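I opened a fresh page for this structure. My plan is to look things up one by one and write down what I find.

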Amino acid sequence: MSVKEIFDRRNAFSFEVFPPKTDVGMEKLCGEGGVLDQLYTLNPDYISCTYGAGGTNVGKNLEVLDKIQKDGKCVPVTHFTCIGNTKEGIKEQLQTYLDHGINHMLALRGDLPFGWTGTGGDLHYATELVKFVRQEFGDKFTIAVAGSPEGHIQCRSLEADIAFLKQKQDNGADYIMTQLCWDMDQFRYWLDAIRAAGIWLPVDVGIMPILDQAATINMALSRNGCVMPRALCEIISKNWIFPNPFVKDPFDANVEQKKADFKKAGIEYTINQIDEYRACGINGIHLYALNKYEDVAYIAKAAGLLDLI
């Protein structure tokens, strides 16, 4: 069953993983009894796999997706970007995915590598990528596209961003996977706004578990420009690691206790946010697994996501 067909029947539940850079990391993720095998026990509808800026780690990406496809426990979904890609290269790469039985993709422009001012390829935007894939492959792919509830940081306005999202739909997208958003008032506004704009695609919400101070701050500010609500800022402030959470060897005598307290409060915050999202009438929850099992399993169970199946 395709992800699109799942949305036609009920809400979906899924995970995102990333391709490790080392053989040890690959073994932990893909080896027997590894993280993927553990995630399967939660019965996700699909698992998506990222790859690095500029198309780095594509080989590892395909290796991860090959395992998911071969295991047959859920649908494998590849991320795919315009970065450094010619049209012929895109056709060849996507045909390779099809040859491996992988027919779901998240179509992205992609984060520009440091110092780049454009994609360095034939296509410059996700709107063009969606259109190109439909022209070249017809309905062979189920295509997800990114939605930015706060507006893409490089887009001139939220209204323009919504217009481009509508264009992705018109060009053949099947569903929306949202970027990180902790501002629930903004999300509700965005959801109403895209529906008013005639965007009817299912909305699958991307959730990053709040487990680590530095990772949380980095994810919000390094690429996305996310608003951090007062409640989340309080969790960070109350457990602040001195001199700051980015220092490898902080002088804070209570660093381990603060990390544990932050993680406990962050998990509770994540579960509550999932409740809020589900109350908005969204179509699925896409949980960033961070290539780990225990924490996301606890969150999924506590939030009632396993009951979606």
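**Entry 1: Cysteines**

I looked up C181 and found it buried, with a relative accessible area of 2%. I note at once that the model is predicted.

Does C181 have a sulfur partner, and which cysteine is closest? I found the closest cysteine sulfur in C226, 6.7 Å away, which is too far for a bond. The cut-off for a disulfide is 2.5 Å between the sulfur atoms.

I then tried C233. Its closest cysteine sulfur is again in C226, but 12 Å away, so it is too far for a bond. C233 counts as partly exposed, at 29% relative accessibility.

How many disulfides does a search of the whole structure find? I wrote down zero.

**Entry 2: Aromatic pairs**

I turned to rings. A pair of aromatic rings is described by the distance of the centres and the angle of the planes. I searched the whole structure and got seven aromatic pairs.

I took F7 and Y175 from the list. Their ring centres are 5.1 Å apart. Their planes stand at 55 degrees, so I call the pair tilted.

Where do these two residues sit? I found F7 in helix α1, residues 3-9, and Y175 in strand β6, residues 175-178. The pair therefore ties together parts that are 168 residues apart in sequence. Both F7 and Y175 are buried.

My next pair was F137 and F141. The ring centres are 5.5 Å apart and the planes are at 90 degrees, so this pair is edge-to-face. I checked burial too. F137 is buried, at 8% relative accessible area. F141 is buried as well, at 1%.

I also found a cluster. F7, Y46 and Y175 form one aromatic cluster.

**Entry 3: The barrel**

Strands came next. Strands of a sheet pair through backbone hydrogen bonds, either parallel or antiparallel. Here I traced a closed barrel of eight strands. I followed the order β1-β2-β3-β4-β5-β6-β7-β8, and the pairing is parallel. From one strand to the next, the twist averages 25 degrees.

I picked out one pairing. Strand β4 (residues 104-108) runs parallel to strand β5 (residues 142-147), and they pair over four bridges. Which residue is the bridge partner of A107 in β5? I found V145.

I then looked at what packs on the sheet. Helix α5, residues 87-99, touches β3 (75-81) and β4. The direction of α5 makes about 170 degrees with that of β3.

**Entry 4: Before the first helix**

I went back to the start of the chain. S2 lies in the segment before α1. Is S2 buried or exposed? I found S2 buried, with a relative accessible area of 17%. The cut-off for buried is under 20%, so S2 meets it. Leaving aside neighbours within four places in sequence, S2 is in contact with H104 and T142.

**Entry 5: Two helix residues**

I looked up Y40 in helix α3, residues 35-40. Y40 is buried, at 9% relative accessible area. I listed its contacts, setting aside neighbours within four places in sequence: I47, K67, I68, D71, K73 and C74. I also took one long span. The C-alpha atoms of Y40 and G281 are separated by 26 Å, and the two residues are 241 apart along the chain.

L232 sits in helix α10, residues 230-238. I found L232 buried, with a relative accessible area of 0%. Beyond neighbours within four places in sequence, L232 is in contact with W182, I210, T216 and Y269. I checked the spacing to I210. The two are 22 residues apart in sequence, and 9.2 Å apart in space, C-alpha to C-alpha.

**Entry 6: Nonpolar cores**

In soluble globular proteins, nonpolar side chains tend to be buried together. I looked for such groups here. The largest nonpolar core has 69 residues. Which of its residues touch the most other members? I found F187 and W190.

I listed what F187 touches, not counting residues up to four places away in sequence. The list is P149, T178, C181, V203, V205, Y277, C280 and I282. C181, from my opening entry, is on that list.

Apart from this core I found another, of 14 residues. Among them are I210, A220, M228 and F262.

Conventions:
Residues are numbered from 1 along each chain as its sequence is written. This is a predicted model: local features need pLDDT of at least 70, side-chain atom pairs count only at pLDDT 80 or more; totals for chains, interfaces and linings use all residues. Side-chain values use heavy atoms; hydrogens and water are left out. Rings of Phe, Tyr and Trp (its six-membered ring) pair if their centres lie within 6.5 Å; planes under 30 degrees apart count as stacked, over 60 as edge-to-face and the rest as tilted. Buried means under 20% relative accessible area, exposed over 50%, partly exposed in between (1.4 Å probe, protein chains only). Two strands pair if DSSP finds at least two bridges between them. Axes are lines fitted to C-alpha atoms, for helices over the stretch in contact, and angles run from 0 to 180 degrees between N-to-C directions. Contact means heavy atoms within 4.5 Å. A nonpolar core is a set of buried Ala, Val, Leu, Ile, Met, Phe, Trp, Tyr and Cys residues joined through side-chain atoms within 4.5 Å.
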